[in-house]
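Hi there,

Here is the structure I promised to pass on. Have a look at it first, and my notes follow below.

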Amino acid sequence: MESREGDSCPDKSRQECCVYERIGEREGELKMIGLEHYLILSALLFAIGLLGVVTRRNAVIVLLGVEIMFNAANLSLVGFWRFRPDALAMTGQMFTLFSITIAAAEAAVGLALVIAIYRHYKSVDVEEMTTLKG
Amino acid sequence: MRAIDYIWLIPLFPLVAAGLQAFLKRPQKRVSMFLSIAAMTAALVVSLWAFKDTLGGGHHDEPAKPNGKEMPAGSHAAEVRNGGAKLKPAPEYEELAKKSEHVTYRATHNFPWITMGAHDLKLGFVNDPMTAIMLVMVTFVGLMIFIFSTGYMGEDENATRFFCFLSLFAASMLGLVVSNNLLMLFMCWELVGLCSYLLIGFWYFKPSAAEAMKKAFITTRIGDIGFFIGILWLYAKSGTLLFYDNGAGILEDANVAKLAAENMSFFGVYMSVSSAIAICLFIGAMGKSAQFPLHVWLPDAMEGPTPVSALIHAATMVAAGVFMVGRMYPIFDASIVDGQLVHAMTQAHPHPTPALTFVMWVGAITAVFAATIGVAQNDVKRVLAYSTCSQLGFMMMGLGAVGFVAGMFHLITHAFFKALLFLGSGAVIHGCHHEQDMARMGGLKKLMPITFVVYLIGMLALVGAPLTSGFFSKDEILLAAFHTNRIVFAMGVFGAFLTAFYMTRQMYMVFAGEYRGGDLHGHDAHAHEKHGAQAGTPVPPDDGHGEHDKRDDHGHSHGGMPHEVPKHMWMPLAALAVFALLLGFLGTPFIGGNLWHHYLAPESAAHDVNWMVMGIATGAGLIGFLLSRAIYGKRAVLADGSDPLQSKLGGVWTLLNNKWYVDEIYGATVVRVNWICAALFRGVDASIDWTLHAISWVTIGISSIWRWVGDEFLINGGVDTVSEGVRGTGSGFSSVQSGKVQNYLRIVGWGAVGLVLVVLFLTREHWEHWLSK
């Protein structure tokens, strides 16, 4: 992206606002998808995932919620990378790729744990797993 | 080598014997007997040595040495009687002293016992004629009695204990006699009282003996109160209790003069302090020597075995009172005349001091009183007991009538013939298989001839038949009384009459006629009981009846008839009889000018021979003998077993037989007062008890309240509440850890939200400008 100096940037020394303005604030241009859209989506997704983790009774669904939270984090990662002034080569995407890989491994481990728990409790209802109750 | 240096051995030998005997076992009777007799023989030997020392007499001009130990070796040194006195002796004394060159021998050996700072409490031993003759008498008579006891008590199962007590008694009595300190005398006095207690109640399982032993001890103790007051008073006045101490002793002129010079009112009578102290001391002698009114224990003391009665209640212990009066005589007879110290006994025409008057009257009353009771007694030992009481009265009467030599002479002779009589009665009792009631005796003259002869000798001596020892001694006493107080003299004559009367009665009842007693077929001890109680004659308990049943049979194969006692029992009797006969010649004025007087107290005034008094005394005795023979000669006991005199005297007889009801009077007065006081104090004790219980109950109540409030409620409750609170809080908090991961996560989520809000709040200036856009 070329850097342009606009009038709406009060403080030229601040790179971020300049970037911001550059991207979504041309005259006559419809506002395009800004960073906030990504972040709000990410937050929403995170919240939904958190809700799922906290609320659902089935251990597998809890893991699903954890995955959603993961993806929300990835999303915010990508968004932040996209709206950087000098987007380095693939930094965000590489980061996200690693994160997804780890999420996958973690999901596998988690599901293995769920299976082990199931063997013990004969159920996947997290409400029943209160052995560590103090 | 002087005996005084070894005189402490005399009481020591029997004391050691007693100590050894205490550890013997009951079957070791022969060992015990041997120890007693050996100790007594050794004591006798040393006593004879001491006696020999005193025979030489003292020397007038020997200067007094500071203490007895520095006497030059080989001399019979003695302190002059007036050593250290500042007062000039009375003129008559000087005359008498010129007459007799002899001063009595006196050696002392004093030693400090307890040192209290600068002041010493000294004890000591003394050897003078009075001591020496008493030593010889006690050891010799004691030895005879010990030998007799081997036969008499030989079969008693407790013979070992008997000889142990006998030895202890001998040690105490000998200690009393040699002591030079009033405190040591008192200690030995109490010890003889203790031994008397132990020996009277030797058969303690008999209730009558148990009563008698207590009665003896308590009655003499009552006398000892007066004695002790006298001792304390004397010590307070004199600062020492030694008798003879180179002029500083309490019996020496310096101190006696000081006591006699001070006058006071003693129970309303105006007299010198020396007399008042003497009366206090005499009260002790009244208890110990059974003078009226403290005589009540002596007849009951016959509960003890006969050797005990012979030794203690005839010869020695009861003589201790007389001996003590004799020992303290310088205090009794001291008075101040024209500013000078005068001893009444040195005067040719003696005037007794108030103390001596008191002694004389008490003695005279006792002599007559006891003799009247003796007339109406049926127990052979009781008659002798009252006779002893009466004779002690005579001795006191003699001493009180300023007849020091007479009284002491009678003491010695009486010891011999009374011991003889008691042992004779013991032989009689033993021979009659422990029968003591004279009504059931009789005819023993043929059956026990040796006993009869010696008993007769004793009886003659007691009665004062001419030329026996008792004759001379009693005559001296009556002579002294004649010169002092005619009424007392009359009482003494009456006493002599009664003495002859009851002794003759006893001789007839026991030895004359036919044998009345026992069961002629077989050894039936229980037959006595069947005779029942006769009017006015209480059946006396047999001498050791309970004991008798336990003993093994002594193998009498001749039915129940009395028999003569074995040789080792009548030999001592014979020895005593010899002395009873011959001892009198020491005190007669016809031979050698009254050796006894010369030996014992040469400075005392001797009365000239008075044939009238001698005649009256002998006449009284003769009348008594004849009267008794008239009543009892034909038949000593009437057909119904009662006394021939009883019907003649009637009520008087009952009075005499019941001892003038003195015991009953005491029981109703003194003993009752004692009971009331005891009940009163029991009540006090109970109320103290109740108070203590109440206090303890209140204390327990308070403590339990405090326990409930303080301990339970406050402390336990408080701690419990706090701990419960903590637990509750803890469990409340632990409920957070539900084990449900989702809950944890929820909380984490809320925490994260909170954190973000906090961060936003804290960094609001960075984004606040964006809000306005």
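What percentage of the 134 residues of chain A count as buried? The figure is 12%, where buried means that 20 or more other C-beta atoms, placed from the backbone, lie within 10 Å of the residue's own.

Some housekeeping: this is a predicted model, in which local features need pLDDT of at least 70 and side-chain atom pairs count only at pLDDT 80 or more, while totals for chains, interfaces and linings use all residues. Residues are numbered from 1 along each chain as its sequence is written, and chains are lettered from A and ligands numbered from 1 in the order in which they are written.

Chain A has four helices and zero strands (DSSP runs, H or I of at least four residues for helices and E of at least two for strands, numbered from the N terminus).

The largest nonpolar core (buried Ala, Val, Leu, Ile, Met, Phe, Trp, Tyr and Cys residues joined through C-beta atoms within 7 Å) holds 235 residues, and Phe282(B), Val359(B), Ala419(B) and Leu420(B) touch the most other members. Helix 16 (residues 404-431) of chain B gives this core its largest share, 18 residues. Another core, of eight residues, lies apart from it and includes Ala59(A) and Phe70(A).

As for the two chains together, eleven residues of chain A are in contact with ten of chain B (C-beta atoms within 7 Å, again placed from the backbone). On the chain B side, helix 29 (residues 741-762) supplies the largest share, five residues.

Best wishes
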